[in-house]
Amino acid sequence: LHLGHVRVYALGDTLARAHRMRGEGVLFPMGWDAFGLPAENAANERGVDPREWTLSNIAHMRSQLDALGLSFDWDRELATCEAEYFVWT
């Protein structure tokens with residue numbers, strides 16, 4: 001995570017919490033845009049399977065976001081590299 005991530009996610013979290021405090025229903029999922037040549041190249045440079053590399057990075061970033069205490073609806077998490085997602089695109 002870098003501070004740009006923290007800023008963006010903290011703003012969204014603040015808005016989601018404010019709406020919840022007003023009794024409104026809030027959909028606040030997390031989505032990972034996990035396709036891309038940079039990720040594939042990084043995995044290949046390290047001799048790692050691109051899928052394993054991507055999922056490992058997602059898990060690491062998710063643990064960092066959890067440590068911030070953000071209120072994402074993790075039950076609705078999706079990643080664009082998963083077949084459950086791209087079967088619909």
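This is a guided tour of a predicted model, moving from the whole chain to its pockets, its salt bridges and two single residues.

**The whole chain**

Begin with a cartoon view of the protein, in which four helices and two strands can be picked out. Followed from the N terminus, these elements run in the order α-β-α-α-β-α. If you turn the C-alpha trace along its principal axes, it spans about 50 × 30 × 15 Å. Next, switch on the surface, whose accessible area comes to about 6,300 Å², with 58% of that area belonging to carbon and sulfur atoms. Of the 89 residues, 22% count as buried. If you display contacts between residues at least 6 apart in sequence, 65% of them join residues at least 24 apart.

**The largest pocket**

Now select Trp32, Asp33, Ala34, Phe35 and Ala39, and add Trp53, Thr54, Asn57, Ile58 and Met61 to the selection; together these residues line the largest pocket. Its volume is about 180 Å³. Which helix gives the largest share of the lining of this pocket? Colour helix 3, residues 50-68, and you will see that this helix supplies five of the lining residues, the largest share. Colouring the lining by class instead shows seven nonpolar residues, two polar ones and one charged one.

**The second largest pocket**

Keep Ala34, Phe35, Ala39 and Thr54 selected, since they also belong to the lining of the second largest pocket, and extend the selection with Gly36, Glu40, Pro50, Arg51 and Cys81 to complete that lining. Helix 2 (37-45) and helix 3 are the elements that give two or more residues to this lining. Helix 3 again has the largest share, here with three residues. The space inside the second largest pocket is about 150 Å³, and its lining divides by class into five nonpolar, two polar and two charged residues.

**Salt bridges**

How many salt bridges does the structure hold? There are five, and three of them are visited here, starting from a residue that is already selected.

Arg51, which lines the second largest pocket, can be shown as sticks together with Glu82, because the side chains of Arg51 and Glu82 meet in a salt bridge with an N to O distance of 3.3 Å. This pair links distant parts of the chain, with Arg51 in helix 3 and Glu82 in the loop between strand 2 (78-79) and helix 4 (83-86), 31 residues apart. Arg51 has a relative accessible area of 43% and is therefore partly exposed, the class that lies between buried, under 20%, and exposed, over 50%.

Next, select Glu77 and Arg62, whose side chains form a salt bridge at 2.8 Å, N to O. Here too the pair links distant parts of the chain: Glu77 sits in the loop between helix 3 and strand 2, while Arg62 belongs to helix 3, and the two are 15 residues apart. Both partners count as partly exposed, Glu77 at 27% relative accessibility and Arg62 at 26%.

The third stop among the salt bridges is Arg22 with Glu24, where the side chains meet at 3.9 Å, N to O. Are Arg22 and Glu24 exposed or partly exposed? Arg22, at 59% relative accessibility, counts as exposed, whereas Glu24, at 36%, counts as partly exposed.

**Two single residues**

Move on to His5, which you will find in helix 1, residues 3-21. With a relative accessibility of 23%, His5 counts as partly exposed, because buried means under 20%. From the C-alpha atom of His5, draw a distance to the C-alpha atom of Leu65: the two residues are 60 apart along the chain, and the separation is 9.2 Å.

Finish with Glu84, which is found in helix 4. Is Glu84 buried or exposed? Its relative accessible area is 59%, so Glu84 is exposed, a class that starts over 50%. A second C-alpha to C-alpha distance, drawn from Glu84 to Trp32, comes to 13 Å for two residues that are 52 apart in sequence. Trp32 takes you back to the lining of the largest pocket.

Technical notes
Residues numbered from 1 in each chain as written. Predicted model: local features only at pLDDT ≥ 70, side-chain atom pairs only at ≥ 80, totals over all residues. Heavy atoms only, no water. 1 Å grid on protein atoms, 1.4 Å probe; cavity = no way out; pocket = protein on both sides within 12 Å on 5 of 7 lines; lining within 4 Å. Points joined across faces, edges and corners; volume = space filled by probe spheres on them. Nonpolar A, V, L, I, M, F, W, Y, C, P; charged D, E, K, R; others polar. Salt bridge = Lys/Arg side-chain N within 4 Å of Asp/Glu carboxyl O. Buried < 20%, exposed > 50% of the residue type's maximum accessible area, 1.4 Å probe, protein only. Contact = heavy atoms within 4.5 Å. Areas by Shrake-Rupley, 256 points an atom, 1.4 Å probe, with all protein chains shown as cover.
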